[in-house]
Amino acid sequence: MIGFIQQMINGLSIGSVYALMAVGYSLVYSIMNFSNFAHGGVIMIGSYIGFFCISLLNFSFPVAFVTAALGSGILAIIVERVAYNPLRKRNAPFLYFIISAMGASIFLENIVVATIGPTFRTYPPVFSATPIQIGALTIGRLDVLMFVISAISLSILVYIIEKTKIGLAIRATSYSSKGSTLMGVNVDKVIFTIFLLGGILAGIAGVLFGMKYTVYPQIGAITMKSFIAAVFGGLGSLQGAVIGSILLGIIETLTSGYISSQYRDLIAFALLIAVLIIRPTGIMGKSNEDKA
């Protein structure tokens with residue numbers, strides 16, 4: 001039982017960070033109806049910003065954390081303005097958006113390899129490595145930090161979406177872009193906002209994953225897991241993205257703990273295929289006719 005609870009805690013920790021990335025996919029998909037595959041590059045840059053702020057500039061963790069989040073948010077906006085905005089203005093087919101997203105992701109990864117190098121880097125110790133002991137249960141401090149920061153970040157996002165004027169505009173645009181424009185909603189401002197929010201959450205996820213593992217140019221590939229989680233929960237649904245991410249994190253850790261870590265990716269992709277076959281809209285996703 002202790003081992004099971006331990007695996008569940010690990011799953012919640014990892015799943016909560018998956019959720020930070022998955023909601024970025026869902027935000028963009030809910031408005032623009034395509035998957036932003038450049039999201040991984042933004043996460044990677046955020047991880048590097050946090051690393052160099054702490055190791056090179058000697059910033060405190062809170063300052064480095066905020067700097068990485070803001071830097072990733074700005075980068076996400078730049079990607080949208082350079083890679084997507086010209087296509088959107090020309091009403092280009094959605095296939096062009098996906099190709100452009102892949103190109104932006106490859107560019108970001110290779111520019112880091114060319115300038116910084118492909119070396120794996122480890123975050124300096126920020127918090128005590130001594131785990132929290134509760135009876136026979138051992139909980140890593142970083143796991144607690146990851147879960148708490150992710151929960152706070154997602155709660156702020158939900159507040160923005162549900163309780164603010166720009167959040168109302170985002171929900172209206174996700175229902176009907178043309179209809180919201182006729183009602184006076186500035187769609188350009190909405191798209192600017194969702195990329196900023198998604199980029200900030202990507203930067204937070206990048207720092208947390210960089211602290212737990214290592215920083216390297218291909219760290220953005222982890223977003224494939226968050227994409228699976230977003231599809232599992234329902235692309236375009238923020239609640240679905242969070243639920244799908246938590247479930248995926250738990251499934252992965254239970255697979256690693258009770259079967260073998262070699263099968264965790266296999267099961268994740270098998271889950272993706274099963275969802276696409278059985279319920280393409282995901283757990284909480286809606287068809288375009290039912291979106292609201």
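On a 1 Å grid over the protein atoms alone, a cavity is a set of points where a 1.4 Å probe fits but cannot get out, while a pocket is an open set with protein on both sides within 12 Å along at least five of seven lines; lining residues have an atom within 4 Å of a point. Grid points are joined across faces, edges and corners, and a volume is the space filled by probe spheres set on the points. The model examined here is predicted, so local features need pLDDT of at least 70 and side-chain atom pairs count only at pLDDT 80 or more, whereas totals for chains, interfaces and linings use all residues. Residues are numbered from 1 along each chain as its sequence is written, and side-chain values use heavy atoms, with hydrogens and water left out.

By this rule, one cavity of 30 Å³ or more is counted. The largest cavity has a volume of about 50 Å³, and its lining consists of G24, V28, N36, H39, V42, A76, I194, F195, G198 and G199. Helices and strands are taken as DSSP runs (H or I, at least four residues, for helices; E, at least two, for strands), numbered from the N terminus. On that basis α1, α2 and α8 each supply at least two residues of this lining, and the largest share, four residues, comes from α8. The lining divides into five nonpolar, five polar and no charged residues, where Ala, Val, Leu, Ile, Met, Phe, Trp, Tyr, Cys and Pro count as nonpolar, Asp, Glu, Lys and Arg as charged, and the others, Gly among them, as polar.

Two of the contributing helices can be checked for length and burial. The expected span of a helix is 1.5 Å times one less than its number of residues. For the 17 residues of α2 (residues 39-55) this gives 24 Å, in agreement with end C-alpha atoms 25 Å apart. For the 26 residues of α8 the expected span is 38 Å, and the end C-alpha atoms are 37 Å apart, which agrees. With buried meaning under 20% relative accessible area, exposed over 50% and partly exposed in between (1.4 Å probe, protein chains only), 14 of the 17 residues of α2 are buried, so α2 is largely enclosed by the rest of the structure. The same holds for α8, with 20 of its 26 residues buried. At the start of α8, a side-chain oxygen of N186 comes within 3.1 Å of the backbone nitrogen of D188.

Turning to the open sites, the second largest pocket has a volume of about 570 Å³. It is lined by 22 residues, of which I31, R88, N91, F94 and S177 are the closest to its centre. Two or more lining residues come from each of α1 (2-32), α3 (61-89), α4 (94-115), α6 (165-175), α7 (177-182) and α8 (187-212). By class, the lining holds nine nonpolar, eight polar and five charged residues.

Most residues other than glycine have a negative phi. N91, in the loop between α3 and α4, has a positive phi of about 55° and is exposed, with a relative accessible area of 70%. N33, in the loop between α1 and α2, has a phi near 60° and is partly exposed at 31%.

Finally, S153 belongs to helix α5 (residues 141-163) and counts as buried at 11% relative accessibility. Its side chain reaches the backbone oxygen of I149 at 2.8 Å. Leaving aside neighbours within four places in sequence, S153 is in contact (heavy atoms within 4.5 Å) with L20, L201 and I204.

Definitions and conventions. Polar contact = N/O pair within 3.5 Å; in protein donor to acceptor, adjacent residues only side chain to side chain.
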